[in-house]
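This note is addressed to a colleague who meets the structure below without earlier acquaintance. The points are numbered so that each may be checked on its own.

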Amino acid sequence: MENLPRPTLFDFHGVSMTRYFTDNWDNVQNFQARPDDILVATFPKAGTTWVSYILDLLYFGNTCEERQATVPLYHRVPFLEISIPAEFGAYAGKDQVNSLPTTPRLIKTHLPVQFIPKSFWEQNCRIVYVARNAKDNVVSYFHFDRMNRVQPEPGTWSAYLQSFLEGKCAFGLWHDHVNGWWEKKETYSKLHFMFYEDMVEDTGREIDKLCSFLGFSPTPEDREKVITGVSFDSMKKNNMTNYSTAQGLDQKVSPFMRKGKVGDWKNHFTVAQNEMFDEHYKQKMKNSTLQFRCEL
Ligand code: A3P
């Protein structure tokens with residue numbers, strides 16, 4: 001993986017993608033979901049790892065200490081569409097999901113709603129979508145692309161911001177991603193929509209809402225254990241959640257558990273960039289009822 005070539009973006013059915021997320025396309029589309037599978041869907045950097053770990057602790061936190069101590073979260077909650085070529089380790093997320101020993105299976109995806117394999121809908125699976133305000137999301141994505149060989153070279157911050165607004169980041173235009181999933185909520189009742197900012201504001205409250213969606217009632221002690229275990233500081237220290245064991249990531253360039261804040265965009269956007277971003281945002285979101293908080 002250390003020599004994995006940085007991929008380039010191309011248009012894939014109207015969405016910018018890289019080969020690492022499309023090489024295994026037919027297999028991914030034919031994925032056979034089970035009714036109790038739980039899909040965690042996000043635009044990259046919206047809080048995928050955080051919610052994945054909450055789910056993992058809720059379901060399996062008490063069942064197997066060894067698993068908690070030795071299996072990295074990215075193996076417990078595989079990334080469905082990823083596929084790394086044979087010469088760099090031959091890794092396919094779909095195969096990992098199919099080898100999961102646990103029930104329910106927790107599965108991660110960044111696919112826009114129109115690309116979700118149809119068996120998830122047929123099986124009426126529970127889906128948790130996490131969204132994060134666009135400004136913090138793009139900042140987090142920029143730093144992630146700097147440190148991650150699976151992602152295209154980000155270039156400078158100002159060039160990256162421009163590309164983000166043109167939908168030229170892996171998984172396409174943020175606005176289309178969040179709006180597509182938000183609209184799906186109207187017709188698909190097993191979709192729970194969460195906001196990163198709400199989780200920062202009150203993690204316990206958001207865990208309670210998630211549990212009610214899952215039909216899950218943790219004991220007060222277990223609930224507290226989950227809240228403590230998923231704090232930013234705990235997850236940053238925990239080698240099973242901080243991606244320190246993952247290949248292809250250079251945490252010296254930028255740590256995976258970077259800041260975990262709402263409002264870090266203010267340290268990156270110039271006044272002019274902010275005005276341009278807001279103007280573009282107004283246009284793209286004018287028909288949407290989605291509301292985000294860019295500060296708390
Ligand atoms: P920052 O880069 O802003 O710090 P994903 O898991 O979707 O890749 O998202 C990663 C982002 O979520 C990073 O944001 C990371 O720090 C943040 N994050 C992960 N765990 C978190 C937690 N427990 N609390 C707050 N933020 C968290």
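1. A polar contact here is a pair of N or O atoms within 3.5 Å; within protein, one must be able to donate a hydrogen and the other to accept it, and residues adjacent in sequence count only if both atoms are side-chain atoms. One such contact runs from the side chain of T228 to the backbone oxygen of E224, at 2.8 Å.

2. On the basis of the note: the model is predicted, so that local features need pLDDT of at least 70 and side-chain atom pairs count only at pLDDT 80 or more, while totals for chains, interfaces and linings use all residues. Residues are numbered from 1 along each chain as its sequence is written, and side-chain values use heavy atoms, with hydrogens and water left out.

3. On the surroundings of T228: this residue belongs to helix α12, residues 220–229. Helices (H or I, at least four residues) and strands (E, at least two) are DSSP runs, numbered from the N terminus. T228 is exposed because its relative accessible area is 51%; exposed means over 50%, buried means under 20%, and partly exposed lies in between, with a 1.4 Å probe and protein chains only. T203 is 25 residues from T228 along the chain, and their C-alpha atoms are separated by 9.7 Å.

4. On the ligand shell: 18 residues surround the ligand, and T48, T49, S140, Y196 and K259 come nearest. A residue is near a molecule or strand if one of its heavy atoms lies within 4 Å of it. By class, the shell has eight nonpolar, six polar and four charged residues. In this scheme Ala, Val, Leu, Ile, Met, Phe, Trp, Tyr, Cys and Pro count as nonpolar, Asp, Glu, Lys and Arg as charged, and the others, Gly among them, as polar.

5. On the helices in that shell: α2 (48–60) and α13 (232–237) each supply at least two of its residues. The most comes from α2, which gives three residues.

6. On polar contacts to the ligand: an N or O atom in the side chain of K45 is 2.8 Å from an oxygen atom of the ligand. For R258, too, an N or O atom of the side chain lies 2.8 Å from a ligand oxygen atom. A nitrogen atom of the ligand is 3.2 Å from a polar side-chain atom of W50. The ligand on its own has 570 Å² of accessible area, of which the protein covers 97%; such areas come from the Shrake-Rupley method with a 1.4 Å probe, and for residues only the protein chains shown count as cover.

7. On S288: where in the chain does S288 have its place? It is in the segment after α14 (271–284). S288 counts as buried because its relative accessibility is 18%. Its side chain makes a polar contact of 2.7 Å with the side chain of N179, and the side chain of S288 also reaches the backbone nitrogen of L290 at 3.1 Å.

8. On backbone geometry: which residue does a cis peptide bond join to T103? The partner is P104, and omega is about 0 degrees. P104 has its place in the loop between α5 (93–98) and β6. Strand β6 covers residues 106–109 and contains T109. T109 is buried, because its relative accessible area is 0%.

9. On positive phi angles: H13, although not a glycine, has a positive phi of about 45 degrees. H13 is found in the loop between β1 (10–12) and β2 (15–17), and is exposed, with a relative accessible area of 61%. Y243, likewise not a glycine, has a positive phi of about 65 degrees. The loop between α13 and α14 holds Y243, which is buried at a relative accessible area of 14%.

10. On two further loop residues: P154 lies in the loop between α7 (134–147) and α8 (157–165) and counts as buried at 11% relative accessibility. The C-alpha atoms of P154 and H143 are separated by 8.5 Å, with their positions 11 residues apart along the chain. F21 has its place in the loop between β2 and α1 (25–29), and it counts as buried at 3% relative accessibility.
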